[in-house]
Amino acid sequence: MDGTLEIQTGPGVVVLVLRGEHDPSTQPQLQAAIDRAIAAGRSGLVDLSVIEFIDSTVLSAILHGHKRATNGEGGREQGLAVVASPGAQFVARMLSLVRVDDHVGVHLSRDSAVVSLRGTGRLAPRVLRAVQ
């Protein structure tokens, strides 16, 4: 199964929902979506809660996006967070094993991630809506 990327947006945030399998063939699309969100002055939320597989290239895109969103030191207004639900145990374990969670906020729900981004002042408190 090929991976898909659904882009949802709301005030101050872009949610990138990954479904299926993601590897080097889908990494450029994810990286470009993260880069566009940051360039537009929005925070990013990468939702991995329904993913089947990711590899290191996807993790690299997330880390690169986090670095750009925070200027490497948390100095910008954007943020980047990840959602890895308990049902996505493979993903949560992989994020922990390679210590992505040392750099990027990893949350068990989208609500938790949004609250975290709001708490840092990086997200306007509004409801997300899907973009078609």
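**Exercise 1. Which residue follows helix 2, and what is its phi like?**

Step 1: Go to the end of helix 2, residues 56-70. Helices here are DSSP runs of H or I with at least four residues, strands are E runs of at least two, and both are numbered from the N terminus.

Step 2: Asn71 comes right after helix 2, and the phi of Asn71 is positive, near 60°.

A word on the ground rules: this is a predicted model, where local features need pLDDT of at least 70, side-chain atom pairs count only at pLDDT 80 or more, and totals for chains, interfaces and linings use all residues. Residues are numbered from 1 along each chain as its sequence is written, and side-chain values use heavy atoms, with hydrogens and water left out.

**Exercise 2. Find the buried residues of helix 2 and say what covers them.**

Step 1: Check the length. Helix 2 has 15 residues and spans 21 Å from first C-alpha to last, close to the expected 21 Å; that expectation is 1.5 Å times one less than the number of residues.

Step 2: Pick out the buried ones (under 20% relative accessible area; exposed is over 50%, partly exposed in between; 1.4 Å probe, protein chains only). They are Val58, Leu59, Ala61, Ile62, Gly65, His66, Ala69 and Thr70.

Step 3: These residues sit on the same side of helix 2, because they cover an arc of only 155° around the axis. The arc is taken from the directions from the helix axis to the C-beta atoms.

Step 4: Look at the cover, which includes strand 2 (13-22), helix 1 (27-39), strand 3 (43-47), strand 4 (51-54), strand 5 (80-83) and helix 3 (89-97).

**Exercise 3. Is Asp47 buried or exposed? Describe what Asp47 touches.**

Step 1: Find Asp47 in strand 3.

Step 2: Asp47 has 4% relative accessibility, so Asp47 counts as buried.

Step 3: List the contacts (heavy atoms within 4.5 Å). Leaving out residues up to four places away in sequence, Asp47 touches Val15, Leu16, Val17, Leu18, Val83 and Arg110.

**Exercise 4. Locate Ser109 and work out how far its C-alpha is from that of Asp47.**

Step 1: Ser109 lies in the loop between strand 6 (105-107) and helix 4 (110-119).

Step 2: With 30% relative accessibility, Ser109 counts as partly exposed.

Step 3: Ser109 and Asp47 are 62 residues apart along the chain, yet their C-alpha atoms are separated by 8.7 Å.

**Exercise 5. How many helices and strands does the protein chain have?**

Step 1: Count four helices and seven strands.

Step 2: Put them in sequence order: β-β-α-β-β-α-β-α-β-α-β.
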